[in-house]
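Trainee: Could you take a close look with me at one part of this model, the chain that holds the open sheet, and then tell me how its surroundings fit in? I would love one connected account.

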Amino acid sequence: MVTSTLERAAEATPPGAARRIKGLSDRAIAWIFVAPSIFLLLAVNIFPLIWTINLSFTNFKANRNREVEYIGLRNYERILTDADTWATMQATAHFLFWTIAVQVLIGFTLAYLINKKFKGNDMWTTIIVLPMMLSPAVVGNFWTFLYQPQIGLFNYVVAFFTGADASSFSMIGEVALAPWAIVIVDTWMWTPFVMLICLAGLRSIPESIYEAAECDRASKWRQFWTITIPMVLPFLMLAVLFRGIENFKMFDLVVQLTGGGPGNTTTLTSIDLKREAFEKWRTGYASAYAVILFVTVFGLASIYVKALNKVKER
Amino acid sequence: MKARHLVSSAVAAIVAGSGSVMAEDLTLCWASWDPANALIELSKDFEEQSGHSMSFEFVPWPNFADRMLNELNSGGKLCDLMIGDSQWIGGGAENGHYIKLNDFFEAEGITMDDFIPATVTGYSEWPKGTPNYWALPAFGDVVGWTYRKDWFAKPELQAAFKEAYGRDLAVPTTLAELKDIAEFFQGREVDGTKVYGAAIYTERGSEGITMGVTNALYNYGFEYTNPDKPYDLEGYVNSDAAVEGLEFYKALYDCCTPPGSSNWYMSENIDAYKSGQVAMQMNFAFIWPGVNADANVGGDKSGYFANPKGPGGQFAQLGGQGISVVAYSDKQDAALEYIKWFAQPEIQSTWWELGGYSALKAVVEDPGFATSQPYAQTFLDSMAIVKDFWAEPVYAELLLAMQDRVHDYVIAGNGTAKEALDGLVEDWTEVFEDEGKM
């Protein structure tokens with residue numbers, strides 16, 4: 001079948017073109033096909049990366065007409081010894097850890113429930129996934145109103161259950177609450193995504209395995225821990241990877257919600273980097289910052305993908 | 001119709017003696033706010049007279065600097081005319097974004113002596129205090145206060161205030177009095193609604209809290225630098241008086257602002273005031289025409305006062321902008337025509353009538369000016385006490401450092417005022433050292 005297709009393609013090739021290609025090795029032809037992609041990759045990804053690394057050793061400012069000086073590792077030294085940078089890293093770690101933990105927990109639970117057959121199953125699935133279809137900027141803006149101490153629905157719900165005065169606390173204005181405010185909104189928006197991945201995992205488990213377990217008189221609890229969890233684990237890990245990468249570069253939602261405040265409480269690394277690069281215009285410094293973040297994410301992601309592959313091989 | 005328009009435009013251009021033969025489509029870039037709408041209206045006259053057509057690119061304030069400085073830094077040709085913020089003037093001049101206007105002013109008989117001195121220094125000059133002009137003062141603006149005159153006049157509130165503070169409830173003359181009044185209104189029921197003391201600037205992301213806190217810092221004795229030794233910051237930025245000023249602003253925020261006002265700037269303060277949440281609001285003067293015309297709080301219900309004095313004097317944060325010709329524009333001649341037209345006294349007078357704050361002396365020193373609007377006298381009083389933030393080419397770095405330090409102390413409550421200002425000295429010193437100015 002393949003041969004006949006190739007033969008047909010060869011016959012259809014005009015004699016002129018065939019003559020031009022004649023004499024080229026398979027390897028050369030392969031290069032001709034691959035070259036545009038490689039060129040694009042080099043131009044769009046690799047060259048900017050190398051250029052960024054180069055700039056990170058300079059005092060270059062993109063808004064100034066002055067001579068660029070190479071300053072060695074000074075930018076790196078400044079960043080790594082700056083307490084504010086570490087505070088930003090901590091804020092990011094807090095955001096990452098709690099959003100992922102809560103989203104995995106709720107997402108998996110929802111998927112487990114949705115996976116059961118009940119009336120209105122499809123409708124509930126659609127309703128649950130609605131938040132992730134919205135724009136993060138819109139969600140951020142929308143939640144600033146929900147969190148408004150005087151008119152916000154969120155404060156009134158909390159007041160209803162706790163008896164506290166609705167205007168006595170401000171989710172996005174208080175240092176103790178603001179980090180949780182952004183976790184709640186991100187969880188509201190992205191838990192459906194984790195749920196969908198978990199649902200795919202749950203639906204990929206053959207029913208026959210559960211039937212065999214039933215024959216062996218395994219309890220539901222045992223089935224859950226020995227069949228469901230191990231078989232869904234690769235999907236869960238994939239969801240964690242996606243959410244981890246997405247939330248490491250979180251920007252729009254948090255900027256809309258808190259602007260990074262109060263103080264620097266919710267200033268995540270991507271917000272900080274944007275300020276350095278495009279508000280303060282410290283291009284060299286921001287390049288070094290970007291390189292540090294790139295190495296961190298690349299390193300963590302590599303370790304994680306290896307672990308994921310090991311789980312899949314089991 | 002189109003042909004007729006073109007012919008009349010060409011004739012108008014010749015009659016106007018502009019020397020311009022080709023009708024251009026000029027783009028003017030500014031912030032998206034009420035005065036911008038007034039400028040669209042005003043510019044129709046320019047279109048009629050010159051034959052050029054005008055397009056406008058307006059960006060909301062929180063993104064204005066980001067968007068427009070990106071445009072300038074990338075050498076973009078979007079804007080032919082830029083009404084840029086006062087702090088951009090250093091960068092606009094040194095980085096070659098704006099064209100120098102001295103020769104043009106001289107040729108057209110435009111003199112900076114005709115404009116309010118503070119606006120010339122604030123919007124046009126770089127380096128400051130030298131006769132090098134990069135913009136024509138376009139819109140005078142300054143931080144001032146709006147208050148609920150109708151609430152202040154209520155006999156029961158008058159009596160309660162007198163009992164609590166031993167004086168009449170009246171326009172505050174000092175910052176301490178202002179805090180007393182804000183404290184008095186905080187959480188009080190007025191006309192059956194719970195209200196709050198004051199809406200002040202607390203915004204984190206762009207420039208908000210800096211534009212607010214400076215109104216307290218200046219009046220307690222904060223200085224940007226040693227007046228005799230430029231860029232000598234220690235003991236001026238973080239003087240004891242400056243520390244007190246910062247503590248005052250935090251105390252005002254803690255005691256007397258509406259819940260959830262931790263990230264408020266111009267529009268949030270307007271909303272809080274117009275919806276009857278607060279007795280007073282800090283805001284730039286540009287909002288006053290809108291307040292005066294508002295159905296809920298306009299007319300006799302609102303009054304205006306200049307930033308009250310503090311222990312170190314009476315000052316107010318300068319706002320406002322100058323209009324510049326962008327160096328990357330291909331239509332510089334037409335853009336200069338616009339500035340020439342805009343500088344005319346009769347146009348400036350119409351500008352004021354439409355809600356634009358003219359900086360031309362002929363307009364503001366007119367005998368009828370002070371009584372022309374309820375806020376006109378307050379505008380004059382405020383413009384007489386202005387101080388501005390750094391206008392260095394690295395102003396953005398200086399501004400963001402101040403935003404960080406001040407917000408962290410005032411809103412987040414981290415550290416002390418002294419630590420915040422010491423940190424600011426460190427940040428600013430690093431910036432100036434990088435620039436080779438220290």
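Mentor: Gladly, and let us begin with a cut-off: a residue is called buried if 20 or more other C-beta atoms lie within 10 Å of its own. Please keep in mind that this is a predicted model. With 25 C-beta neighbours inside 10 Å, Pro393(B) therefore counts as buried. Pro393(B) sits in the loop that runs between β13 and α18 (395–410) of chain B. Leaving aside residues up to four places away in sequence, Pro393(B) touches Gly90(B), Gly91(B), Glu94(B) and Asn95(B), and also Arg64(A) from the other chain. Further along chain B comes Ala420(B), 27 residues from Pro393(B), and the C-alpha atoms of the two are separated by 24 Å.

Now to the sheet itself. Four strands of chain B make up an open sheet with mixed pairing, in the order β8-β9-β5-β10. The edge positions belong to β8 (196–199) and β10 (302–306) of chain B; each has a single partner strand, so one side of each is left without a neighbour in the sheet. On average, neighbouring strands here are turned by 20° against each other, direction ignored. The partner of β8(B) is β9(B), residues 278–284, and the two run in the parallel sense, paired over three bridges. Within that pair, Tyr196(B) stands opposite Val278(B) of β9(B). Helix α9 of chain B, residues 175–185, packs on the sheet and touches both β8 and β9 of chain B, its direction making about 130° with that of β8(B).

Stepping back, the domain assignment splits chain B into domain 1 (2–141 + 320–387) and domain 2 (143–317). The C-alpha centres of domain 1 and domain 2 of chain B are 30 Å apart. Their contact draws 19 residues from domain 1 of chain B and 20 residues from domain 2 of chain B. On the domain 1 side, the elements that give two or more residues are α2 (34–50), α3 (61–73), α17 (376–383) and β13 (386–387) of chain B. Of these, α17(B) provides the largest share, four residues. Sorted by class, that side of domain 1 of chain B has eleven nonpolar, four polar and four charged residues.

Then there is the partner chain. Between the chains, 27 residues of chain A are in contact with 25 residues of chain B. The side of chain A that touches chain B has eight nonpolar, 15 polar and four charged residues.

As for chain A itself, an unreviewed UniProt entry lists "domain: ABC transmembrane type-1" at residues 89–304 of chain A. That span is 74% helix and 0% strand, and its end C-alpha atoms lie 19 Å apart. UniProt, again in an unreviewed entry, places the feature "transmembrane region" at several stretches of chain A, including 126–146 and 286–305. Residues 126–146 of chain A are 71% helix and 0% strand, with end C-alpha atoms 23 Å apart. Residues 286–305 of chain A are 100% helix and 0% strand, and there the end C-alpha atoms are 28 Å apart. One last spot in chain A is helix α10, residues 207–215, which is hardly covered: among its nine residues the count of buried ones is zero. Just after α10(A), Arg217(A) takes a positive phi of about 60°.

Key:
Residues are numbered from 1 along each chain as its sequence is written. Chains are lettered from A and ligands numbered from 1 in the order in which they are written. This is a predicted model: local features need pLDDT of at least 70, side-chain atom pairs count only at pLDDT 80 or more; totals for chains, interfaces and linings use all residues. UniProt positions are given in the numbering used here, feature names are shortened, and annotations may be inferred rather than shown by experiment. Two residues are in contact if their C-beta atoms, placed from the backbone, lie within 7 Å. Ala, Val, Leu, Ile, Met, Phe, Trp, Tyr, Cys and Pro count as nonpolar, Asp, Glu, Lys and Arg as charged, and the others, Gly among them, as polar. Two strands pair if DSSP finds at least two bridges between them. Axes are lines fitted to C-alpha atoms, for helices over the stretch in contact, and angles run from 0 to 180 degrees between N-to-C directions. Domain bounds come from an automatic or database domain assignment. A residue is buried if 20 or more other C-beta atoms lie within 10 Å of its own, exposed if 12 or fewer, and partly exposed in between; C-beta atoms are placed from the backbone.
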